[in-house]
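Reader: I would like to learn how to read a protein model. Please take me through it one feature at a time.

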Amino acid sequence: EAQRLKVPIMTLTRREGITDIGNYVFRSYLTNRVEIASLVKYAIQEMGLIRFAVLYPDDDYGREMEQLFRDEVLRRKGEILKVTSYQTAETDFADEIKSISDLKQSSHAEKEGVSPGDENRPDMGFDALFIPDSPERISMIVPQLAFHNVMGVKLLGTSTWDKPDILKAGTDLLGEAVFVDAFSANSFYREVNDFTDMYYTNYSREPDAVEALAFDAAGIIVKSIREDDIRTRDQFR
């Protein structure tokens, strides 16, 4: 409707293709595709990880993130060695974890690109495990990974991990886990610190990603109107 009326609209949505509706439709949000692209790029280029396994919930979100992750890893010449799903009502993940653990039959030392000292690490047959799920379910899965002696691998997650509850799992596996989000209140950037302080002063809590992105969207709009002397909808677009 905004496109039909030629009213510029700034959306806060993950929905893919929203800006394809027309040239009056904009987005200020992190899409699942961009999120996974950033995560995989960091894992491969910065962390030097090559071999990946995926454990994902058999729901719409899990299936979408697994497919995006698989496509991006392969695009960047990484390997997807194992993909295992689980039902969202499960609380015992032993069978799925054992299925992934079978990968340890391969030898990491035989692979190219082994960093000094890696030969002394336990080799599970893969370098990282991607789990796109909520903190509540991660808190159930991660202790079971430790119980079944899954060690020496990096855990990778999505923005859903960005909650303090994730630490309830209380295992060393989470100590070096990596996930991506659009905002971190603990950023070292002055602008972020200023925004976080201002938000806390007004609402007695730290902002989350949605509030930060909403603030950015409003800032873009106000700055454009004030500095560019906008008088019409088309000028604003």
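Author: What follows takes confidence, a helix, the cores, the salt bridges and the backbone in turn.

Reader: Where do I begin, and how confident is the predictor in the protein chain?

Author: Begin with the kind of model. This one is predicted. The protein chain averages a pLDDT of 88. Of the residues, 90% score at least 70.

Reader: Where does pLDDT stay under 50?

Author: Over residues 107–117. For that stretch the model has 12 contacts beyond four places in sequence.

Reader: Now a helix. What span should helix H2 have, and what do its end C-alpha atoms show?

Author: Count the residues, then work out the span. Helix H2 covers residues 32–46, which is 15 residues. At 1.5 Å a residue, H2 should span 21 Å. Its end C-alpha atoms are 21 Å apart, which agrees.

Reader: Which residues of H2 are buried?

Author: Here is the general idea. An α-helix has 3.6 residues a turn, so residues three or four places apart point the same way. Now the case. The buried residues of H2 are Asn-32, Glu-35, Ile-36, Leu-39, Val-40, Ala-43 and Ile-44. Seen down the axis of H2, these buried residues fall within an arc of 145°, so they line one face of the helix.

Reader: What do the buried residues of H2 pack against?

Author: Several elements. One is helix H3 (60–75). The others are strands: S3 (51–57), S5 (128–130), S6 (154–157) and S7 (178–179).

Reader: Next, the cores. How many residues are in the largest nonpolar core?

Author: The general idea comes before the count. In soluble globular proteins, nonpolar side chains tend to be buried together. In this model the largest nonpolar core has 21 residues. Phe-126, Leu-129, Ile-131, Leu-145 and Leu-155 have the most contacts inside it.

Reader: Which elements give two or more residues to this core?

Author: They are S3, helix H4 (94–101) and helix H5 (135–147). The largest share, 4 residues, comes from H5.

Reader: Pick one core residue. What is Leu-129 in contact with?

Author: Set aside its neighbours within four places in sequence. Leu-129 then touches Ala-53, Val-54 and Leu-55. Leu-129 is also in contact with Ile-100, Leu-145, Lys-154, Leu-155 and Leu-156. Besides this core there is a second, separate one of 19 residues. Ile-36, Leu-68, Val-73 and Ile-80 are included in that second core.

Reader: On to charges. How many salt bridges are there?

Author: The count comes to 17. To read one, find the two side chains, then see where each residue lies. Take Glu-16 and Arg-33. Their closest N and O atoms are 4.0 Å apart. Glu-16 lies in the loop between strand S1 (9–11) and strand S2 (25–27), and Arg-33 in helix H2, so the pair ties together parts that are 17 residues apart in sequence. Glu-16 counts as partly exposed, at 35% relative accessibility.

Reader: Where do Arg-63 and Asp-60 lie?

Author: Both lie in helix H3, 3 residues apart, about one turn of the helix. Their side chains meet in a salt bridge of 2.7 Å, N to O. Asp-60 has a relative accessible area of 61%, so Asp-60 is exposed. Arg-63 has 36%, so Arg-63 is partly exposed.

Reader: Is Glu-72 buried or exposed?

Author: Buried means under 20% relative accessible area. Glu-72 has 11%, so Glu-72 is buried. Its side chain meets that of Arg-76 in a salt bridge of 3.1 Å, N to O. Arg-76 is partly exposed, at 23%. Some bridges also share partners: Asp-58, Asp-60 and Arg-63 are joined into one network.

Reader: Last, the backbone. What phi does Lys-6 have?

Author: Start with the rule. Most residues other than glycine have a negative phi, and most peptide bonds are trans. Lys-6 is not a glycine, yet its phi is positive, about 60°. Lys-6 sits in the loop between helix H1 (2–5) and S1. Asn-149 also has a positive phi of about 60° without being a glycine. The loop between H5 and S6 holds Asn-149. Asn-149 is partly exposed, with a relative accessible area of 48%.

Reader: Where does Gly-48 come, and what phi does Gly-48 take?

Author: Gly-48 comes just after H2. Its phi is positive, about 70°.

Key:
Residues are numbered from 1 along each chain as its sequence is written. This is a predicted model: local features need pLDDT of at least 70, side-chain atom pairs count only at pLDDT 80 or more; totals for chains, interfaces and linings use all residues. Side-chain values use heavy atoms; hydrogens and water are left out. The expected span of a helix is 1.5 Å times one less than its number of residues. Buried means under 20% relative accessible area, exposed over 50%, partly exposed in between (1.4 Å probe, protein chains only). The arc is that of the directions from the helix axis to the C-beta atoms. Contact means heavy atoms within 4.5 Å. pLDDT is the predictor's confidence in each residue, from 0 to 100. A nonpolar core is a set of buried Ala, Val, Leu, Ile, Met, Phe, Trp, Tyr and Cys residues joined through side-chain atoms within 4.5 Å.
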